[in-house]
Amino acid sequence: MARFDLPEVDAFTRPYWAAAAEGRLLLRRCRAGGCGAAHHYPREFCPYCWSEDVVWEPAGGRATLYTWSVVHRNDLPPFGGRVPYVAAVVELAEGPRMMTEVIDCAEPHLRIGMPLMVHFRTEPAEPVEAAGGVAEADGGYAVPVFRPA
């Protein structure tokens, strides 16, 4: 069965996912004079000034809760087994906002501006076809989620 929670890793995003597997969150930062903005999701250009002079840099992992919604129904695998869950936008200490999930916090305790810290949830790799049947792909993915700091 197809999964809808796994990233599409390519040559450009590979450093991001490799760092996540090591428990590190990366951002992209523009090095163009007069800009210097950090951004997320990873892009090959700066979304503020359009410069292509952007580099990977480590993020500290601290964030604040910007907004959230509790998802009670999701029919796409594997989300149905996770409901209810908290889909959120967090504001990273470095400035960019990031879509993610808040874990280990009951809904009544969620507050805009609450401090959060990154955590990496390991997702198994999607099964791949192999000679003689289906075999599990090597490794998996570490996906950044956030929990109360």
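**Pocket, strands and unusual peptide bonds**

The largest pocket holds about 700 Å³ of space. The model is a predicted one.

Me: What makes a residue one of the 28 that line the largest pocket, and which of them are closest to its centre?
Reply: A lining residue has an atom within 4 Å of a pocket point. There are 28 such residues, and M99, T100, E101, V143 and P144 are the closest to the centre of the largest pocket. Two or more lining residues come from each of α1 (14–21), β5 (85–92), β6 (97–102), β7 (115–124) and β10 (140–148).

Me: How many residues of the lining are nonpolar, polar and charged?
Reply: The lining of the largest pocket divides into 18 nonpolar, three polar and seven charged residues. Glycine is counted with the polar residues in this scheme.

Me: How do you know what confidence the predictor has in the protein, and where is the pLDDT below 50?
Reply: On a scale that runs from 0 to 100, the mean pLDDT of the protein is 89, and 89% of its residues reach 70 or more. The pLDDT is below 50 over residues 128–137, a stretch that has 14 contacts in the model beyond near neighbours in sequence.

Me: Why are β2 and β3 called edge strands?
Reply: The open sheet has three strands in the order β2-β1-β3, with antiparallel pairing, and β2 (38–39) and β3 (54–59) are its edge strands because each pairs on one side only.

Me: What makes β1 and β3 a pair, and what packs on the sheet?
Reply: Pairing requires at least two bridges between two strands, and six bridges join β1 (residues 25–30) to β3, so these antiparallel strands count as a pair. C30 stands opposite V54 in β3. Helix α1 packs on the sheet and touches β1 and β3, and its direction makes about 145 degrees with that of β1.

Me: How do you know that β7 pairs with both β4 and β10?
Reply: The same requirement of at least two bridges applies. Three bridges connect β4 and β7 in the antiparallel sense, with T64 opposite P115 in β7, and nine bridges join β7 to β10, which also run antiparallel. The bridge partner of R121 is V143 in β10, and V143 is also among the residues closest to the centre of the largest pocket.

Me: Which peptide bonds are cis, and where do they lie?
Reply: Most peptide bonds are trans. A cis bond, with omega about 20 degrees, joins H40 and Y41, and Y41 is placed in the loop between β2 and β3. The bond from V83 to P84 is also cis, with omega near -10 degrees, and P84 is in the loop between β4 (62–71) and β5.

Me: What makes the phi of W50 worth noting?
Reply: Most residues other than glycine have a negative phi. W50 is not a glycine, yet its phi is positive, at about 75 degrees, and W50 lies in the loop between β2 and β3.

Key. Residues numbered from 1 in each chain as written. Predicted model: local features only at pLDDT ≥ 70, side-chain atom pairs only at ≥ 80, totals over all residues. Heavy atoms only, no water. 1 Å grid on protein atoms, 1.4 Å probe; cavity = no way out; pocket = protein on both sides within 12 Å on 5 of 7 lines; lining within 4 Å. Points joined across faces, edges and corners; volume = space filled by probe spheres on them. Helix = DSSP H or I, 4+ residues; strand = E, 2+ residues; numbered from the N terminus. Contact = heavy atoms within 4.5 Å. Axes fitted to C-alpha atoms, helices over the stretch in contact; angles between N-to-C directions.
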